[in-house]
Structures are given as structure tokens and as C-alpha cells.
Amino acid sequence: MKIKLEKILNLDDGEYRFHFETAAKDIGLGLTDYEGQEVFDRPVVTDVVLNKTSHLYYVKLRAASEARFLCDRCLEETRHMITGEFQVAYTDLKSSRQEYGSESDVRLIEMHKANEITLDKDVCDTLMLEIPTKILCEEDCKGLCVECGANLNDALCEHADMQMNANN
Ligand SMILES: [Zn+2]
Ligand SMILES: [Zn+2]
């Protein structure tokens with residue numbers, strides 16, 4: 001548990017900011033590709049704004065990390081920034097569920113006992129949701145030759161003419 005808002009019991013009502021830089025695997029973001037290599041191999045940077053009122057902690061977070069993928073077409077390594085936002089309210093009032101329920105997650109806590117809020121899983125989930133379903137090294141990646149496997153971004157192989165004709 002690394003991304004943790006600590007000692008929140010004694011905070012006065014108001015707005016507080018937190019900044020975290022953590023290794024992805026330390027917060028459970030241990031996604032690997034088919035070669036077993038870490039996808040999130042750079043630090044995860046998380047900025048949190050906490051708004052406290054007497055019966056509510058309102059948490060907004062923004063998480064960002066650069067991740068390593070393999071291009072869907074040519075299988076070369078390609079790096080992308082993954083960023084996402086998430087908000088959640090912690091409260092001891094059951095009625096708040098109606099007030100905030102439609103806009104964001106609401107979680108019940110005991111305001112007079114809970115001294116910390118852990119956000120590791122929320123940061124993981126936020127970043128996982130932002131991974132694109134299709135990943136290309138370049139918008140117009142030419143991919144691999146289906147005949148010989150040559151990377152057509154580097155050079156055209158002897159089959160290139162044939163394939164261009166086939167595509168037309
Ligand atoms: Zn590519
Ligand atoms: Zn070829």
C-alpha cells in the first residue's frame with residue numbers, strides 16, 4: 001500500500017493536495033506482456049486533491065505513467081503515456097449515497113476512526129481502463145509482410161508489390 005492519504009483524522013475542513021511517485025508493481029500494477037516484461041516500467045505519478053468537510057472526504061485523483069507496448073501490426077516496441085482521472089467520496093452518512101451516487105463512487109467509512117485512505121487499487125484500475133484496445137507505433141504503421149515477416153516500415157521486401165496490389 002503506497003498511495004495513502006495519512007493522518008486525515010485531524011485535518012481541518014478544507015482542500016489538501018498530495019503527490020506520489022511510485023513503482024507500478026508496488027501498487028499492484030504488475031501487468032506484463034507475452035514476453036513477461038513489465039508494461040508499466042516507469043514510475044506512476046499520482047496527484048490527489050482531497051476535500052474534507054465534517055461528514056465527507058471527497059477525493060479526486062489524476063494518475064499518469066509511460067508504458068511500454070508492442071505495436072499490434074509490426075510488433076515493435078512503442079511507448080505511450082497513459083493518463084486517467086477518478087473521483088470518489090468517503091462518508092459516514094448513508095444519505096450521501098443518494099446525493100453523490102449518480103456522479104461518482106461513494107464509499108462508507110467511519111469518519112471518526114479512519115485515519116487513512118488507500119488509493120493503490122483505484123490508481124491501478126484508472127490506468128488499466130485507459131490502455132487503448134488497439135496500439136500502433138505510428139498511425140500508418142505498415143506492419144509485417146505476411147509472406148516473409150519483414151517489417152515493412154524499415155524496407156519493402158520482394159513481396160511488397162504483390163501485397164499493395166492485393167490491398168487495392
Ligand atoms: Zn508498428
Ligand atoms: Zn515479404
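Visitor: Why is Cys 71 called buried?

Guide: In this predicted model, Cys 71 has a relative accessible area of 1%. Buried means under 20%, exposed over 50% and partly exposed in between, with a 1.4 Å probe and protein chains only; Cys 71 therefore counts as buried. Cys 74, at 3%, is buried by the same criterion.

Visitor: What makes Cys 71 a donor residue of the zinc ion (ligand 1)?

Guide: Donors are N, O and S atoms within 2.8 Å of the metal (3.2 Å for Na, K and Ca); water is not among the atoms, so sites may look incomplete. The SG atoms of Cys 71, Cys 74, Cys 137 and Cys 141 coordinate this ion at 2.3 to 2.4 Å.

Visitor: Why is the arrangement around the zinc ion (ligand 2) called tetrahedral?

Guide: Its donors are Cys 145 (SG), Cys 148 (SG), Cys 157 (SG) and His 159 (ND1). Four donors count as tetrahedral if all angles lie between 85 and 135 degrees; the angles here are 106 to 113 degrees, so the arrangement is tetrahedral. The ideal tetrahedral angle is 109.5 degrees.

Visitor: How do you know that His 159 is buried or exposed?

Guide: The relative accessible area of His 159 is 16%, so His 159 is buried. Cys 157, at 17% relative accessibility, also counts as buried.

Visitor: On what conventions do these statements rest?

Guide: Residues are numbered from 1 along each chain as its sequence is written, and ligands are numbered from 1 in the order in which they are written. Local features need pLDDT of at least 70, side-chain atom pairs count only at pLDDT 80 or more, totals for chains, interfaces and linings use all residues, and side-chain values use heavy atoms, without hydrogens and water.

Terms used: Four donors count as tetrahedral if all angles lie between 85 and 135 degrees; four count as square planar and six as octahedral if opposite donors are over 155 degrees apart and all others between 65 and 115; anything else is irregular.
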